[in-house]
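Q: Please take a close look at one part of this model, the largest pocket, together with the parts of the chain around it. What lines the largest pocket, and how is its lining divided by residue type?

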Amino acid sequence: MPTTVHLRTNHTLGWAGARSLAQRWRKDGETRLLLVFRDDPELGADHLRFSRVGLQGVLRVGETHFELDLQLGHFLSPFRDRIEAALNANLQRDLLDQAGPDANGSA
């Protein structure tokens with residue numbers, strides 16, 4: 001039985017900023033993590049489905065939030081907490097970077 005990770009975080013990027021960040025994540029996932037992304041016309045462009053050996057998931061891009069559901073296979077399941085913490089930290093960092101210097105209090 002797969003182990004699941006669910007993350008949801010709000011943002012203030014709007015549609016354009018959220019879609020831009022999602023495309024950056026897609027490129028990074030393809031190159032660094034060797035994720036394979038599949039377009040699903042039924043779900044639309046704002047749902048990024050991805051997989052690789054040992055995991056599969058979907059990132060839903062919203063105007064005010066991101067939602068990630070990830071299923072970890074048998075061999076990655078013991079690392080669930082570490083994976084979730086890393087995903088959450090990276091998401092928060094990327095949101096601050098995308099929002100610009102005013103968002104994190106430095107200018």
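A: What follows goes from the pocket to a helix that contributes to its lining, and then to two buried charged residues.

The model is predicted, and every value below is computed from it. The largest pocket holds about 810 Å³ of space, and its lining is made up of 30 residues, with Leu-33, Leu-35, Leu-68, Leu-87 and Asn-90 lying nearest its centre. The elements that each give two or more residues to this lining are α1, β3, β4, β5 and α2, and of these it is α2 that gives the most, with eight residues. Divided by type, the lining of the largest pocket consists of 19 nonpolar, two polar and nine charged residues.

Helix α1, one of the contributors to that lining, runs over residues 14-32 and has 19 residues. From its first C-alpha to its last, α1 reaches 27 Å, which is close to the 27 Å expected at 1.5 Å a residue. The buried residues of α1 are Gly-17, Ala-18, Leu-21, Ala-22, Trp-25, Arg-26 and Gly-29, and they pack against the strands β2 (36-38), β3 (47-52), β4 (55-61) and β5 (65-72) as well as against helix α2 (80-99). Just after α1, Leu-34 takes a positive phi of about 55°.

Within helix α1, Arg-26 deserves a separate word. Arg-26 counts as buried because its relative accessibility is 16%, where the cut-off for buried is under 20%. If residues up to four places away in sequence are not counted, Arg-26 touches Phe-37, Asp-39 and Leu-48.

A second charged residue to consider is Glu-67, whose place is in strand β5, an element that also gives two or more residues to the lining of the largest pocket. Glu-67 has a relative accessibility of 16% and therefore counts as buried. The side chain of Glu-67 makes a polar contact of 3.3 Å with the side chain of His-6, and a polar contact of 3.3 Å also joins the side chains of Glu-67 and Arg-8. Leaving aside neighbours within four places in sequence, the residues in contact with Glu-67 are His-6, Leu-7 and Arg-8, together with Val-58, Leu-59 and Arg-60.

Methods: Residues numbered from 1 in each chain as written. Predicted model: local features only at pLDDT ≥ 70, side-chain atom pairs only at ≥ 80, totals over all residues. Heavy atoms only, no water. Helix = DSSP H or I, 4+ residues; strand = E, 2+ residues; numbered from the N terminus. Expected span 1.5 Å × (residues − 1). Buried < 20%, exposed > 50% of the residue type's maximum accessible area, 1.4 Å probe, protein only. Contact = heavy atoms within 4.5 Å. 1 Å grid on protein atoms, 1.4 Å probe; cavity = no way out; pocket = protein on both sides within 12 Å on 5 of 7 lines; lining within 4 Å. Points joined across faces, edges and corners; volume = space filled by probe spheres on them. Nonpolar A, V, L, I, M, F, W, Y, C, P; charged D, E, K, R; others polar. Polar contact = N/O pair within 3.5 Å; in protein donor to acceptor, adjacent residues only side chain to side chain.
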